[in-house]
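User: Please take a close look at one part of this structure, the nonpolar core and a pair of helices that pack in one chain, and explain each term as you go.

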Amino acid sequence: MAETAVESSNELQQEKKASKLAAISKFRELGLLAFIILLCIVVQIKNPSFMTLGNLTDMITNTAILSILALGMMLVLITRGIDLSIGATLALSGMLVAQTVSVYSGLHPLLAILMGIGIGTVCGVTIGFLVSKIGILPIIATLAMMNIFRGMTYTISDGQWISSYQMSESFVSIATSSILGINTLVFIAIIIYIIAFYFINHTRTGRQIYAVGSNPESAKVSGINQTKILVIVYSIMGGLAGLSGVLWVSKFASAQGDTASGFELTVIAACILGGVSIAGGSGKISGVILGAVLLGIMNNALPLMNVSPFWQSAIQGAIILFAVIVNALVKRGVDRNNLLRRKI
Amino acid sequence: MEQRTLDQNEYVQRTLKNKQEFSLKKFFLQWEWLLILVFLLVIVINTSLSPYFLNAAGLRDATMVFLDKGFIVFPMVMIMILRDIDISVGSTVALSSVIMATLYNTLNVPMGAAIVICLLVGALCGLINGLLIVKFKELSAVIVTLATMILYRGIAYVILEDQASGNFPEWFSFFGWGSVAGIPFILIAFTILAIVFTLLLHKTTFGRQVYAMGNNDTASRFSGVRVDRIKVIVFTLAGLMAAITAIFLASRMGSTRPNVAMMYELDVIAMVALGGISTAGGKGRMIGAIIAVFIIGYLQYGLGLINIPSQTMLIIIGLLLLVSVAVPKMKWNWKFKKSGSKRKLE
Amino acid sequence: MSDYVLELKGITKEFPGVRALDNVDFKLKPGQIHALMGENGAGKSTFIKVITGVHAPNEGEMFLNGERVEFSNPNDAQEKGIAAIYQHVTSYPDLSVTENIFMGHERIQKFTGRILWKEMHEEAKKILRSLGSSIDPKSEMGALSVAQQQIVEIAKAISTKAKIIIMDEPTAALTSRESEELYKITENLRDQGASIIFISHRFEDMYRLASQVTVLRDSKYIGSWGIEEISNEDLIIAMVGREINQVFPERKGEIGEKLLEVEGLGKAGYFADVSFTLHKGEILGLTGLVGAGRTEVCQSLFGIMPYDKGSIVLNGEKVKIQSPKEAIRLGIGYLPEDRQKQGLVLQWSIGRNISLSALSAIGNKGWLRDKKEFAIAKELAEKVHVKANSIFDLVSSLSGGNQQKVAVAKLLTAELDIIILDEPTKGVDVGAKSAIYEIINELASQGYGIIMISSEMPEVIGMSDRIAVMRAGRIVKILNRAIATQEAILEASMTDSTEKNAG
């Protein structure tokens, strides 16, 4: 029958289109991976000390914290939000935990970690409340909270550093010890990624985060509690930032007022590089890992290649700009292709 | 053209008033009165807390210190009316001042030319922001200026690394420290630019179109407003004003380095929000933001006098920003609940 | 047990400043397809949202199978077996078809709460196949066509095992063939025991499907009739509120010289090969289905959406139009379809709206001139009979018809030759409609050339001198007023385009 023939040819076309979109999104991760490998080769040629065990371990542990934060930021970006306060949350939690440890040196590392998560979550819930209940734009709310958290960190520390000799052995060892042969920081990051993978792909709440970002209007009609979702997302972000605070202080063995100042920008950069859409609704864990790893390698490789560390920020800015523009251009190309395929 | 319409009175079936009625209630229900009240409150509290507050020389110096970022407030008002945001202004200040200092110190460019180039660099930074935002509409101003915020300061670091650059000629200190007839030069410059920007926003067709775009970008485009052009101009102005800030800042401090003007964007956005410019766009007036500059400035100065550390100021400004964006929203919600079933006018 | 699966009594819903529903009653029998009709803005959409629990009514009661129910959110309604397919497809473009179908009622494992993807994909596939569609449930929703998305929405309703399915103007953007598919699916659903509320303002939908019709007008319940009980005329009267004898006023004036000549205009993916002419004092009707490319052609003429093929000759001179500003300067004005989003700044006063597109003329070297602005605004607002107290009244406080008059007044500020009107009477009540018709005729007799896009057959036939019919991006027919009939236009616009492609 002509009718069904028409329909199936139409649908065939649609399916092709869909598979092409999927192909492009796969291609972008493969492309990122290829770029990472290429970068590694170039760096290795320039400086053979790059691919040594010591350097690689160093690089991966450095990337662990970034990748943990990027995961939380991905969720925030998916809901069409942004969180500029995480560097400050990290510093606040790091400082409070470090102070506690310097007084109660017997504090179990696990308790220290839980304490950090708790502090971060409180910060995150506050932001979630401001964004979802009061309706303040995420950028404004988190800009304000960034200052408040940073100011609190300075105030409670009174401008003093807490350095390694004030911390207990067990606390510093969080970053240096290893579990099952894997550095603890990396181990924690892996555990978090596994939980997150399950959470966002296999639970209703996880999928609702995507739904809210993809189409807030229909989310309302489908009966999704947006307030709840936003509070959850910012709390997760805060909790991860709090956790990272503890890890950071343990790793660098110092807590200071300006810890991780500006680190939120690196985290956002990792997400954007990983293909998280700033317009909300899409973003994948695999992309975020690659984005974080790429930035981790760059930060590690620049000094090895004798590039002045002062270039780091400029390069990072240029990369973000480049990534978002390429993203936009690719999307335009796909849209244009789809239009051209429409028969008129 | 008007002839065609003005002459055809045969259709007039009912006349419409074209004189605006003066409403006393409306006049006093303006955000700016509240701001003036807050301003007076700040003065009174500061005076009662510290006997040194109302000291003429002290006030004068304080004004010189906080006014430099006030210049960025003018274009930021327009940007926020356009429902956009620019968080790269602090970095633009750093980049343009670093380039100015480097040109003078390292490349022996005359100071006058260096200043002009500084202004051009600032304007260029803003122009790039504006062009990226209108050419790539799928990116928001948040992301574009976030990226350029990192980029511009990054370039400043590439140029000066962690060095400071100063040794400006004697006369250059006039911008930051000089006075004309006992009035600080920076205050004079601020006042002149405040008048210029107030007129631009409220009395010209340009300003009217800015408001139109902030309320309804699509309808403005359909009405023949050149929306892209206006947006690019406004962002360029933001860059230019950041460069002016850079000049005053470098002059006052006697040198510059890549990490100057860190987080200026926050102070500026806080001033604009406190000034009653809604983050939802389309609303607010220049005068409110100007009053807000002085409120935050004197608040900072007064708190400094009673030995409240500058770090605490971060918390206070953050809270101030939150309160000033949250209060109008709460008022709005309350209004919605109150206004029952007002029928549409037919 | 009640005779009705769903009964609503005295539903009233108020929003700030508006009473969207005023004491509305409704009764739905089991296994019935019930048409809910009314003009735009009559309250149909709000009514559905009350049934589905999106809005809680301020007054009134709702009964399901004789049992009183109250919904505090959409989930409550879903649990009771009510599903809705909204007018604007409310999907999640970034998510898969399966997720769209199961959003809000995902299959999850007990205790762990894990989503059972495999089961859902299979179930989705089964439902889609039962609807005669071969969409892959794993594909991304955003990559589907409107008709396919519509089918996914229906699959969603089926997947909730809904007993009551509400369809809000599902045929608005579909071709006749696609509509026919939808009719069949709808009938199948009914035969399987679902009760259906079908909202539409197309009469063909109603006659084809429904056995009962309920009419809303101005937020009020007007009546409910069996489909055989009420004549077409009576139904129209019920919908529009009074008998329409002479809606289209007579027009004086003559058609003059050629103003505009469009030759082979095209824009990839939207329209192609569009050619027509327009004369002074002429009204050219442009009709066709929603999505046929009418708006896109006109927006190209106005410089919003630049065309990439063809030429435009204006007053004998070849022109290239790239921005609305340029179009206005060349003498082309455009009244957008969506006046609230595209036409007006709602938060602004009447006067400011009128002067917006003429600021450069009103201003003096960039400075605003209040006196001149107010005078022009007053003259124009009065010319089109805007009903208000002063030009400082906010546009948002006006009714739809008056807002449209303000939008028309805005056009008159510029020195135009050609005025393009995109659905000028959409969402406007009958009284205001004839006022707008009079204004249009008046403009034509003043010598403007007018292009009027409209989906309403009687309006196109009653107003136009010539009628261009578009289908799938092309002008398929240009009819003279004398020979234009509803049937001829329908035939030209509805014959399915996919047939041509396949053959």
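Analyst: What follows goes from the core to one of its residues and then to a helix pair. This is a predicted model, in which local features need pLDDT of at least 70, side-chain atom pairs count only at pLDDT 80 or more, and totals for chains, interfaces and linings use all residues. Residues are numbered from 1 along each chain as its sequence is written, while chains are lettered from A and ligands numbered from 1 in the order in which they are written.

A nonpolar core is a set of buried Ala, Val, Leu, Ile, Met, Phe, Trp, Tyr and Cys residues joined through C-beta atoms within 7 Å, where buried means that 20 or more other C-beta atoms, placed from the backbone, lie within 10 Å of a residue's own. The largest such core has 369 residues, and among those that touch the most other members are Val77(B) and Val272(B). Its largest share, 17 residues, comes from helix α12 (residues 227–253) of chain B, a helix being a DSSP run (H or I) of at least four residues, numbered from the N terminus.

Leaving aside neighbours within four places in sequence, Val77(B) is in contact (C-beta atoms, placed from the backbone, within 7 Å) with Leu201(B), Val272(B), Ile277(B), Gly284(B), Met286(B) and Ala289(B).

In the same chain, the axes of α5(B) (residues 89–105) and α7(B) (residues 141–160), which are lines fitted to C-alpha atoms over the stretch in contact, come within 8 Å and cross at roughly 25 degrees. The two helices are therefore roughly parallel, a term for angles under 35 degrees, taken from 0 to 180 degrees between N-to-C directions. Residues making this contact include Leu95(B) and Val98(B) of α5(B) and Tyr152(B) and Ile155(B) of α7(B).

Notes
Buried ≥ 20, exposed ≤ 12 C-beta atoms within 10 Å, placed from the backbone. Contact = placed C-beta atoms within 7 Å. Parallel < 35°, antiparallel > 145°, perpendicular 65-115°, else oblique.
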